[in-house]
Amino acid sequence: NSPLLRWRYGSPAVDQLLIVPQDLRPSDPSFWREIQLGQFGLAGALADLGGRSPFEFHPPTKAWARSLHGFGWLRHLEAADNDAARESARRLALEWSIRHRSASGLPFEPMVLGRRIISWLSHATLLLEGADRATYDALMESLGRQLVTLSGVWRDASEGMPRLVALMALTYAGLCVAGRDRRLEHDARLFAGELSRQIRKDGCHISRHPGIGVELMLDLLPLRQCFTARDRTPPGSLLTVTGRMIAMLRHMRMGDGHIARFNGMGIPSPAALATVIAYDEDQSLPPAKLLASRYQRLERAGTIVIVDAGAAPPLALHVLRDGDW
């Protein structure tokens, strides 16, 4: 309610969404069946809820908790395509908004907060279509409060991917949420600058974690579409960097469709990589002279060898476990 905070970070009131971004990540409709059985499997860990809400269940790992509060699993419920799954998605989002009115703890880590905002925007149809007025108002109010919070705390995000996701979420909101146009130019400029800083000339992320490129592209490609849908010119660096990143991912792609695994990467998703590669218009590889990351590719006939000939990433960017920074 502070006029100063409204002036600096934007109004917390969200009345209307202008567009709904596309979620390119592969979905699994069987996730809904697992929920019906009382199970919630996220980030490589399975929680047997025993009739409890996932938000009152002690998380088996921090990565599981971050995945839960990031709401990326909404895509699985939308893919189930039935009324019960849609109602469950709305109920869980509403429960979250009631439980977490105070912006504190793991659910409000900048990267988790940014991921949740992107997920809610991308699946706004699932959450809002058919909702009663009270539920609609509660979810929109929560979204507005989260945006104001993220506008103030993104600087606290850890170096690397967490900070990039936080700024990307603010840019998404500037394009999708009515009334945030005033923030768009400012947030998009910050995001474009951070993107250019974190992506090397060869298209590799500064962490040298190949999977981060896939994860980022699954968000960057719909973001480009949002700029087009709003008839806005995207930052020049967004177009340039995404082209480099796709070329780099093609460079790191093995013969079986998986991406090469280095620097803490777990088991990759060939479907996610294939989705990103499909957007590569010229199907090019980065020039050898631009391989700042020093991932070398040897290819002859049906054999592909990828060699990591570079130095280890900075400790601040080290991935402890896949998806956990």
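In what sense do strand β3 and strand β4 pair, and over how many bridges? Here are a few friendly notes on that and on some other features.

1. To take the question straight away: β3, covering residues 295–300, pairs with β4, covering residues 303–308, in the antiparallel sense, and six bridges join the two strands. Please keep in mind that this is a predicted model.

2. For a closer look at that pair, start from Tyr-295, whose bridge partner in β4 is Asp-308. The two strands form a hairpin, with two residues between them. One residue to check in the turn is Ala-301, which has a positive phi of about 55°.

3. Moving on to the helices, α8 (residues 133–153) and α9 (residues 161–176) have axes that come within 10 Å and cross at roughly 135°. Angles over 145 degrees would count as roughly antiparallel, and α8 and α9 are therefore oblique to each other. Their crossing is left-handed.

4. Which residues make this contact? On the α8 side they are Leu-147, Leu-150 and Ser-151, while α9 brings in Ala-166, Ala-169, Leu-170 and Ala-173. By type, six residues of the α8–α9 contact are nonpolar, one is polar and none is charged.

5. A word on confidence: the protein chain has an average pLDDT of 90, and 91% of the residues score at least 70. Over residues 320–325, however, the pLDDT is below 50. That stretch still has 14 contacts in the model beyond near neighbours in sequence.

Notes
Residues numbered from 1 in each chain as written. Predicted model: local features only at pLDDT ≥ 70, side-chain atom pairs only at ≥ 80, totals over all residues. Heavy atoms only, no water. Pairing = 2+ DSSP bridges. Helix = DSSP H or I, 4+ residues; strand = E, 2+ residues; numbered from the N terminus. Axes fitted to C-alpha atoms, helices over the stretch in contact; angles between N-to-C directions. Parallel < 35°, antiparallel > 145°, perpendicular 65-115°, else oblique. Left-handed = near helix turned anticlockwise from the far one by under 90°. Contact = heavy atoms within 4.5 Å. Nonpolar A, V, L, I, M, F, W, Y, C, P; charged D, E, K, R; others polar. pLDDT = per-residue confidence, 0-100.
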